[in-house]
Amino acid sequence: MTGSWPASPAQQGMWLTERAGVAGRAFHMPLAVWLDGPLDVVALEEACEEVARRHPVLGGVLAEDGGELRVVAHGVPPMREGGDLEEELAGPVDPVGGPAARFTLIREDTKRHVLLFQAHHAVFDGESKDILLRDLASWYGGAAPVPLVLTHPEVAVQQRVRLADALPDARRYWQDRWQDQRELHLPGLSGVSVAAAPGCALDFVVEDLGGLAERLEVTRFEAVTAAFVALLRAYGNARPAVGVDLSTRTERSRDHVGAFVNELPVIGAPEAGTFGEFARSLRAELRRLYRHREVPLARAVDGIGPRAALTPVSLSYRRRPETSPLFPGLGASVEWMMFNGWVRNTLHLQIVDDQAGTAARLQYNPALLDPAGAERIRGDLAALLAAVAADPEAPLDRLPLPAAVPAASVISAGTGADGPVPADLVREIQAIFAKELELDDVEPDDDLFDLGGHSLTITQIMARAQERFGVELSFELFIDDATATRVAAEVARLREQAC
């Protein structure tokens, strides 16, 4: 299938982050299903092809056209046969050059295979895992799924309309709420980052989350979020900001594979009273937040540059359907929380809830948070969840909350060189601006975006600066202050730093 359609807000944000060079492999989403029994390889390959046709976003690449970012459908490569699972996991998925998704079949023995699916987050999200495997199992069994109500391009257009309608209210909502977190209190922490990096993971199980939520009269997501925020407050974070993934699916897009997710911050902290009172107050705040789930925070407030995660600490929760995909004649087991070895920020709590129980995972950046600190966080969170499960209305001061710990500051590239910026350097940057914008002249304090620049212009200027001055500029620099004077100041600072 060919064609193109406007990129969604989530895709635009991920594209900017990729271009800024701070994403690493953090947006690579693997999914593996072990198939036991006499596999019909031809039928599985055909099923993969049918899934790719039904969900053309999987074969889409992101490309700019006249300053607008669009998804251009190129198609998913045919299922290939691979060797070692770990080696295949290291393979690339590329939302710009393609392919953004691919299927690989790995044979472990004559009656045991692993189907590895990998996709970039720009075309795939957590709920897409269930949709993809459900459709795949249907076609493998010879039954096509029910036709989709809308095509993916039609869904994308509807997303743009909803975003435009919701933007004014979202700007008012965030006007006095958002403040970028510049420091963080966690045990064993030496720095804070919202850039992707190789990471580690600690797994554990949350007991009786459903029972706790029912007794508190909140959802499971709200219950675990309240416990996580209470723990962060105990460590010394006055107003913890936790980035949470919120679904933007509607009734008409619920069966579509894609990036129907928006990360927004939950901001709040328990002050006194019981855990139950705090959980219910957080529920009320989340209900207000849900009204603005369509609008990325970077669209609603100024000064948020490309980053792999919105906040240094984040949480994702997914409630899986009660039924698993059935491949006729085969046993199937799925690793729903497959870890790709990278993290998007300093600390992330992942929860996958299904009929088998509640699986939890702490993902963390070991260069900033030492393993002993991560172990302590896991233990503290498990102890807190057990205590509130035993007594949801326990006073906060009687819960097993840890003592406060020292803060670590955000890792930053800095804000400019000391002293005046050399005039000749400013003129050189002005010339680069003028060339990329195809203008005769640019003044030192002219804003790049006011002159008609866009994200692609920024990447071109960054490349010219590296060629000319041997420095790597950050994408975020242009979001904060896109003038030749500001860029020249940063070039001067980086050159001085390298000496």
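How far should the 15 residues of helix H11 (residues 423–437) span at 1.5 Å a residue? In this predicted model, the expected span is 21 Å, and because the end C-alpha atoms of H11 are 21 Å apart, the two values agree. Within H11, the buried residues are Leu425, Val426, Ile429, Gln430, Ile432, Phe433, Ala434, Glu436 and Leu437. An α-helix has 3.6 residues a turn, so residues three or four places apart point the same way. Just after H11 comes Glu438, with a positive phi of about 60 degrees.

Helix H4 (residues 126–140) can be examined in the same manner. It has 15 residues and reaches 22 Å from its first C-alpha to its last, close to the 21 Å expected at 1.5 Å a residue. H4 is mostly covered, with 11 of its 15 residues buried. The buried set holds Ser128, Lys129, Asp130, Ile131, Leu132, Leu133, Asp135, Leu136, Ala137, Trp139 and Tyr140. These buried residues pack against E2, H2, E6, E7, strand E13 (313–319) and E14. Just after H4, a positive phi of about 90 degrees is found at Gly142.

Several of these partners belong to one sheet. Its 5 strands form an open arrangement in the order E5-E6-E7-E2-E14, and their pairing is mixed. Strand E5 (80–82) and strand E14 (331–335) are the edge strands, each pairing on one side only. On average, neighbouring strands in this sheet are turned by 25 degrees against each other, direction ignored. At the E5 edge, 3 bridges join E5 to strand E6 (residues 101–109), and the two run parallel. Here Arg80 stands opposite Thr104 in E6.

Two helices lie across this sheet. Helix H2 (residues 41–54) crosses strand E2 (28–36), E5, E6 and strand E7 (112–120), and runs at about 165 degrees to E6. H4, for its part, lies across E2, E6, E7 and E14, running at about 35 degrees to E2.

A further open sheet has 6 strands in the order E10-E17-E16-E13-E11-E12, again with mixed pairing. Strand E10 (200–206) and strand E12 (261–267) form its edges, and each pairs on one side only. From one strand to the next, the twist averages 20 degrees. Strand E11 (residues 241–247) is joined to E12 by 7 bridges, and this pair runs antiparallel. Ala241 stands opposite Ile267 in E12. Helix H8 (residues 275–290) lies across both E11 and E12, running at about 140 degrees to E12.

Attention now turns to the nonpolar interior. In soluble globular proteins, nonpolar side chains tend to be buried together. The largest nonpolar core in the model has 71 residues, and the members touching the most others are Trp174, Leu186, Phe228, Phe275 and Leu347. Helix H7 (residues 220–234) gives the most to this core, contributing 10 residues. Beyond its neighbours within four places in sequence, Trp174 is in contact with Leu264, Pro265, Ile267, Leu289, Leu297, Ala300 and Val301. Ile267 thus appears twice, as a contact of Trp174 and as the residue opposite Ala241. Another core lies apart from this one; it has 49 residues, including Leu35, Cys48, Ala73 and Trp336.

Technical notes. Residues numbered from 1 in each chain as written. Predicted model: local features only at pLDDT ≥ 70, side-chain atom pairs only at ≥ 80, totals over all residues. Heavy atoms only, no water. Core = buried A, V, L, I, M, F, W, Y, C linked by side-chain atoms within 4.5 Å. Buried < 20%, exposed > 50% of the residue type's maximum accessible area, 1.4 Å probe, protein only. Helix = DSSP H or I, 4+ residues; strand = E, 2+ residues; numbered from the N terminus. Contact = heavy atoms within 4.5 Å. Expected span 1.5 Å × (residues − 1). Pairing = 2+ DSSP bridges. Axes fitted to C-alpha atoms, helices over the stretch in contact; angles between N-to-C directions.
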